[in-house]
Amino acid sequence: MIQMKKKTFFCKGPSGPRFGPRNDKIKHVQNQVDEVIDVMQENITKVIERGERLDELQDKSESLSDNATAFSNRSKQLRRQMWWRGCRIKAIMALVAVTLLLVIIILIVMKYRT
(Lines give C-alpha, C1' and ligand atoms only; values in the text may rest on other atoms or scores of the structure.)
Protein backbone atom coordinates (compact mmCIF):
# COMPACT_ATOMS: atom_id res chain seq x y z
CA MET A 1 0.00 0.00 0.00
CA ILE A 2 2.83 2.38 0.89
CA GLN A 3 4.65 1.37 -2.28
CA MET A 4 1.52 2.22 -4.29
CA LYS A 5 1.40 5.69 -2.71
CA LYS A 6 5.08 6.23 -3.56
CA LYS A 7 4.45 5.17 -7.13
CA THR A 8 1.49 7.52 -7.40
CA PHE A 9 3.51 10.32 -5.84
CA PHE A 10 6.43 9.91 -8.24
CA CYS A 11 4.28 9.33 -11.32
CA LYS A 12 1.64 12.01 -10.73
CA GLY A 13 3.23 14.32 -8.20
CA PRO A 14 2.02 15.25 -4.75
CA SER A 15 -1.69 15.69 -4.27
CA GLY A 16 -2.21 19.21 -3.13
CA PRO A 17 -2.70 22.65 -4.55
CA ARG A 18 -1.84 22.96 -8.23
CA PHE A 19 0.63 25.56 -9.36
CA GLY A 20 -0.38 27.06 -12.71
CA PRO A 21 1.44 26.45 -16.01
CA ARG A 22 4.17 24.24 -14.57
CA ASN A 23 1.52 21.75 -13.45
CA ASP A 24 -0.01 21.79 -16.96
CA LYS A 25 3.40 20.92 -18.44
CA ILE A 26 3.79 18.10 -15.96
CA LYS A 27 0.31 16.80 -16.80
CA HIS A 28 1.11 17.01 -20.50
CA VAL A 29 4.38 15.11 -20.04
CA GLN A 30 2.63 12.58 -17.80
CA ASN A 31 -0.06 12.05 -20.46
CA GLN A 32 2.68 11.49 -23.07
CA VAL A 33 4.41 9.02 -20.78
CA ASP A 34 1.11 7.20 -20.23
CA GLU A 35 0.57 7.02 -23.99
CA VAL A 36 4.08 5.64 -24.49
CA ILE A 37 3.46 3.06 -21.77
CA ASP A 38 0.20 2.01 -23.46
CA VAL A 39 1.93 1.72 -26.83
CA MET A 40 4.77 -0.31 -25.33
CA GLN A 41 2.32 -2.63 -23.57
CA GLU A 42 0.49 -3.16 -26.87
CA ASN A 43 3.81 -3.81 -28.61
CA ILE A 44 4.83 -6.34 -25.97
CA THR A 45 1.47 -8.09 -26.33
CA LYS A 46 1.91 -8.18 -30.11
CA VAL A 47 5.44 -9.58 -29.78
CA ILE A 48 4.19 -12.32 -27.46
CA GLU A 49 1.35 -13.18 -29.86
CA ARG A 50 3.82 -13.16 -32.76
CA GLY A 51 6.08 -15.55 -30.85
CA GLU A 52 3.14 -17.89 -30.26
CA ARG A 53 2.23 -17.77 -33.95
CA LEU A 54 5.85 -18.46 -34.89
CA ASP A 55 5.88 -21.49 -32.58
CA GLU A 56 2.68 -22.77 -34.20
CA LEU A 57 4.14 -22.15 -37.64
CA GLN A 58 7.32 -24.01 -36.71
CA ASP A 59 5.28 -26.99 -35.45
CA LYS A 60 3.27 -27.01 -38.67
CA SER A 61 6.39 -26.81 -40.83
CA GLU A 62 7.98 -29.71 -38.94
CA SER A 63 4.80 -31.71 -39.41
CA LEU A 64 4.77 -30.89 -43.13
CA SER A 65 8.42 -31.90 -43.40
CA ASP A 66 7.70 -35.23 -41.71
CA ASN A 67 4.71 -35.80 -43.99
CA ALA A 68 6.78 -34.92 -47.07
CA THR A 69 9.45 -37.43 -46.06
CA ALA A 70 6.84 -40.13 -45.46
CA PHE A 71 5.20 -39.33 -48.80
CA SER A 72 8.56 -39.52 -50.59
CA ASN A 73 9.37 -42.89 -49.05
CA ARG A 74 5.93 -44.27 -49.85
CA SER A 75 6.10 -43.03 -53.45
CA LYS A 76 9.50 -44.72 -53.96
CA GLN A 77 8.11 -47.94 -52.55
CA LEU A 78 5.05 -47.71 -54.80
CA ARG A 79 7.25 -46.96 -57.84
CA ARG A 80 9.25 -50.13 -57.16
CA GLN A 81 6.07 -52.18 -56.76
CA MET A 82 4.70 -50.87 -60.05
CA TRP A 83 8.02 -51.59 -61.79
CA TRP A 84 7.98 -55.21 -60.57
CA ARG A 85 4.32 -55.55 -61.57
CA GLY A 86 5.21 -54.31 -65.07
CA CYS A 87 8.10 -56.79 -65.22
CA ARG A 88 5.81 -59.64 -64.20
CA ILE A 89 3.25 -58.70 -66.84
CA LYS A 90 5.97 -58.53 -69.51
CA ALA A 91 7.36 -61.91 -68.37
CA ILE A 92 3.89 -63.49 -68.50
CA MET A 93 3.25 -62.04 -71.96
CA ALA A 94 6.64 -63.33 -73.17
CA LEU A 95 5.89 -66.78 -71.72
CA VAL A 96 2.49 -66.86 -73.44
CA ALA A 97 4.07 -65.78 -76.74
CA VAL A 98 6.80 -68.45 -76.48
CA THR A 99 4.19 -71.08 -75.58
CA LEU A 100 2.04 -70.11 -78.56
CA LEU A 101 5.07 -70.22 -80.87
CA LEU A 102 6.02 -73.64 -79.52
CA VAL A 103 2.49 -74.94 -80.03
CA ILE A 104 2.42 -73.56 -83.58
CA ILE A 105 5.87 -74.97 -84.37
CA ILE A 106 4.93 -78.37 -82.91
CA LEU A 107 1.70 -78.43 -84.95
CA ILE A 108 3.58 -77.52 -88.16
CA VAL A 109 6.30 -80.11 -87.48
CA MET A 110 3.70 -82.83 -86.81
CA LYS A 111 1.74 -81.91 -89.92
CA TYR A 112 4.80 -82.21 -92.23
CA ARG A 113 6.08 -85.29 -90.43
CA THR A 114 3.15 -87.43 -91.28
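**Surface and helical features of the predicted chain**

Met110 is exposed, its relative accessible area being 53%, a value over the 50% required for that class. The model in which this residue was examined is a predicted one. Met110 lies in helix α2, which spans residues 20-113. Together with Val98, Leu102 and Ile106, Met110 forms a nonpolar patch of about 390 Å² on the surface.

The segment containing this patch was next considered against its annotation. An unreviewed UniProt entry lists residues 89-110 under "transmembrane region". In the model, residues 89-110 are 100% helix and 0% strand, and the C-alpha atoms at the two ends of this stretch are separated by 31 Å. The secondary structure of the whole chain comprises two helices and zero strands.

Aromatic contacts were also assessed. A pair of aromatic rings is described by the distance of the centres and the angle of the planes. One aromatic pair was counted in the model. The pair consists of Trp83 and Trp84, whose ring centres are 4.8 Å apart and whose planes meet at 80°. The arrangement is therefore classed as edge-to-face, since plane angles over 60 degrees fall in that category. Trp83 is itself exposed, with a relative accessibility of 53%.

Accessibility was finally evaluated for the chain as a whole. Of its 114 residues, 2% count as buried, that is, have under 20% relative accessible area. The accessible surface of the chain amounts to about 11300 Å², and carbon and sulfur atoms account for 65% of this area.

How values were computed: Residues are numbered from 1 along each chain as its sequence is written. This is a predicted model: local features need pLDDT of at least 70, side-chain atom pairs count only at pLDDT 80 or more; totals for chains, interfaces and linings use all residues. Side-chain values use heavy atoms; hydrogens and water are left out. UniProt positions are given in the numbering used here, feature names are shortened, and annotations may be inferred rather than shown by experiment. Helices (H or I, at least four residues) and strands (E, at least two) are DSSP runs, numbered from the N terminus. Patches are made of residues with over 30% relative accessible area and no salt bridge: like charges are joined within 9 Å, nonpolar side chains (Val, Leu, Ile, Met, Phe, Trp, Tyr) within 5 Å. Accessible areas come from the Shrake-Rupley method with a 1.4 Å probe; for residues, only the protein chains shown count as cover. A salt bridge is a side-chain nitrogen of Lys or Arg within 4 Å of a carboxyl oxygen of Asp or Glu. Buried means under 20% relative accessible area, exposed over 50%, partly exposed in between (1.4 Å probe, protein chains only). Rings of Phe, Tyr and Trp (its six-membered ring) pair if their centres lie within 6.5 Å; planes under 30 degrees apart count as stacked, over 60 as edge-to-face and the rest as tilted.
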